[in-house]
Every structure is written in structure tokens, then in C-alpha cells.
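Here are my notes on the model you sent over. Have it open on your screen as you read, and take the points in any order you like.

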Amino acid sequence: MTETYVIPCGTIVKTTIGGIVGMITGVCIRFDDVQYEICYFANDEEKTVWMRPQQFVADDFAPQPIGFKRAR
């Protein structure tokens, strides 16, 4: 079984098209697809979009495993 990781919320990202800087504020996992909610500001307004990992670059982050921690 391959362990899957996600980029954690709070990570600063930059879109590959347009070079817009934003922050990951949510993660959505559906079957084998992962999408990230990105929050950014444009024209003094807060905007939110859902993006796939191929649509942005995240340079400095520690991947987090998907799932729950086991009780000891």
C-alpha cells in the first residue's frame, strides 16, 4: 500500500498561470483526487478557488500523511 500525503493548510503557494500568491486554506479528498482551496487577494477583495496540485507551486512545506492518528 502506498502512503499518500497532502500539502498542509497554511502553506503559501504560487499559481503556475498568472503567478498569483495565495495560501492553502482547505483540502478536499475524493476517491483518488486531491484538490486544495486557495485563498488570495485581488483588487482589495478576498478570493477563494479550488485547484489541483499541478496548477500551483509550493516551495517550503512538510507533507502530511492522510488519515487519523491511532490511539495509544
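1. Start with a single pair: T15 has F56, in β6, as its bridge partner. The strands involved are β2 (residues 12-15) and β6, which pair in the antiparallel sense over two bridges. Pairing here asks for at least two bridges found by DSSP between the strands. Strands themselves are DSSP runs of E with at least two residues, helices are runs of H or I with at least four, and both are numbered from the N terminus.

2. Before going further, a word on what you're looking at. This is a predicted model, in which local features need pLDDT of at least 70 and side-chain atom pairs count only at pLDDT 80 or more, while totals for chains, interfaces and linings use all residues. Residues are numbered from 1 along each chain as its sequence is written, and side-chain values use heavy atoms, with hydrogens and water left out.

3. Now the wider layout. The chain has seven strands and zero helices. Five strands make an open sheet, ordered β5-β4-β3-β2-β6, with antiparallel pairing. β5 (45-51) and β6 (56-57) are the edge strands; each has a single partner strand, so one side of each is left without a neighbour in the sheet.

4. Two hairpins are worth a look. β3 (residues 21-30) and β4 (residues 33-42) pair antiparallel over seven bridges, and M23 has C39 in β4 as its bridge partner. Two residues separate these strands, and F31 in the turn has a positive phi of about 50°. β4 also runs antiparallel to β5, joined by seven bridges; here I38 is matched with V49 in β5. That hairpin again has two residues between its strands, with N43 in the turn at a positive phi of about 55°.

5. What about disulfides, and how many are there? Zero, taking a disulfide as a pair of cysteine sulfur atoms within 2.5 Å. For C9, the nearest cysteine sulfur is that of C39, 11 Å away. For C28, the nearest is that of C9, at 12 Å.

6. Last, some whole-chain numbers. Of the 72 residues, 26% count as buried, meaning under 20% relative accessible area (exposed is over 50%, partly exposed in between; 1.4 Å probe, protein chains only). C9 counts as partly exposed because its relative accessibility is 48%. The C-alpha atoms of the chain fill a box of roughly 50 × 25 × 25 Å along the principal axes.
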